[in-house]
Amino acid sequence: MSPFTGSAARTSDWRHLRVTRADGIATVTLARPEKLNALTFGAYADLRDLLAELSRERAVRALVLAGEGRGFCSGGDVDEIIGATLALDTAQLLDFNRMTGQVVRAVRECPFPVIAAVHGVAAGAGAVLALAADFRVADPTARFAFLFTRVGLSGGDMGAAYLLPRVVGLGHATRLLMLGEPVRAPEAERIGLISELAEDGGADQAAQRLAHRLAGGPALAYAQTKALLTAELDMPLAAAIELDAATQALLMNGEDYAEFHAAFTAKRPPKWQGR
């Protein structure tokens, strides 16, 4: 995402999310615990706009996406989204579905690592949000369910049919997207859907530890690694190798690369600047 913006000021209050920032880390909490953090039209829009705003600012080095209460996110709100969409025409439905996809694109394209801290249910759109993150840190209560076929829709919602096979393989992805059955933490870890299995009740703390580790590291190197992982998913090998070469040549002109050598020579830890 481009760092250039217009005259709009930074958003001071996000109505549908709780956002805190400290030490280069943004923590974004879905905060409707009484609804298992079910998403509304406004929550989708806030996530899309927040990620774009943080990407332009370039002040955040890692982001943690968490859910308050008993679970991570139960998906789209049955009344406020599923019920409401029954009254929309095709053009309005296309606008809505494009917006939800824009949230996933924003997660994948933002220049900082995104960590989903998952406990309890991550269902429907909640499962896809976790899937889109760079890391999924979960505790033993976590269960993922891609429920779209169970409400009569395609399992390929919000990019799930693109992302899930690349994370867990085509066979597992077919089963999960077709049947919509829940995947509990032990199986999710086994098939690669979980990046780190935390202790019971420890997903948020483990996600914050990882975020601090990432925030203290070479931010530009992480940003380029994320960009290449996304860009090279559909590239032939020769094109991917050429893109790697061009990226490394640019980074070798950066301050962090020179700082590593200086720190190694002086036998001290590097002081990463993200440049």
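## Nonpolar cores

The largest nonpolar core contains 58 residues, of which Y44, L63, V118, F144 and L164 touch the most other members. The structure described here is a predicted model. In soluble globular proteins, nonpolar side chains tend to be buried together.

For V118, the contacts beyond four places in sequence are F72, A130, V137, A138, D139, A142, F144 and A203. F144 is thus a partner of V118 and also one of the residues that touch the most other core members. Another core lies apart from the largest one; this second core comprises 14 residues, including I25, I115, A117 and L210.

## The open sheet

Six strands form an open sheet in the order β1-β2-β3-β4-β6-β9, and the pairing is mixed. Its edges are β1 and β9 (196-197), each of which pairs on one side only.

Within this sheet, strand β2 (residues 25-30) runs parallel to β3, and 6 bridges join the two. In this pairing, T27 is placed opposite V64 of β3.

## The buried residue N37

N37 is located in the loop between β2 and α1 (41-57). Its relative accessible area is 1%, so N37 is classed as buried, the cut-off being under 20%. The side chain of N37 comes to 2.9 Å from the backbone oxygen of G71.

Residues up to four places away in sequence aside, N37 touches L30, A31, R32, G67, E68, G71, F72, C73 and S74. Several of these neighbours recur elsewhere in this report: F72 is also in contact with V118, R32 belongs to a salt-bridge network, and E68 takes part in a salt bridge with R18.

## Salt bridges

Across the whole structure, 13 salt bridges are found. Side chains of opposite charge can pair when their charged atoms come close. One group of residues, R32, D77 and E80, is linked in a network of salt bridges.

R18 and E68 form a salt bridge through their side chains, with an N to O distance of 2.7 Å. This pair links distant parts of the chain, 50 residues apart: R18 belongs to strand β1 (residues 18-22), whereas E68 sits in the loop between β3 (62-67) and α2 (78-85). R18 is partly exposed at 41% relative accessibility, and E68 is likewise partly exposed, at 28%.

## Salt bridges involving helices

In the salt bridge between D234 and R166, the closest N and O atoms are 2.8 Å apart. D234 lies in the loop between α9 (219-231) and α10 (237-251) and R166 in helix α5 (residues 160-168), so this salt bridge ties together parts 68 residues apart in sequence. D234 has a relative accessibility of 51% and therefore counts as exposed, for which the cut-off is over 50%. R166, with a relative accessible area of 38%, is partly exposed.

E255 and R275 form a further salt bridge, with their closest N and O atoms 3.3 Å apart. Here the linked positions are 20 residues apart, E255 being in helix α11 (residues 255-266) and R275 in the segment after α11. Both residues are partly exposed: E255 has a relative accessibility of 44%, and R275 has a relative accessible area of 47%.

Technical notes. Residues are numbered from 1 along each chain as its sequence is written. This is a predicted model: local features need pLDDT of at least 70, side-chain atom pairs count only at pLDDT 80 or more; totals for chains, interfaces and linings use all residues. Side-chain values use heavy atoms; hydrogens and water are left out. A salt bridge is a side-chain nitrogen of Lys or Arg within 4 Å of a carboxyl oxygen of Asp or Glu. Helices (H or I, at least four residues) and strands (E, at least two) are DSSP runs, numbered from the N terminus. Buried means under 20% relative accessible area, exposed over 50%, partly exposed in between (1.4 Å probe, protein chains only). Two strands pair if DSSP finds at least two bridges between them. A polar contact is a pair of N or O atoms within 3.5 Å; within protein, one must be able to donate a hydrogen and the other to accept it, and residues adjacent in sequence count only if both atoms are side-chain atoms. Contact means heavy atoms within 4.5 Å. A nonpolar core is a set of buried Ala, Val, Leu, Ile, Met, Phe, Trp, Tyr and Cys residues joined through side-chain atoms within 4.5 Å.
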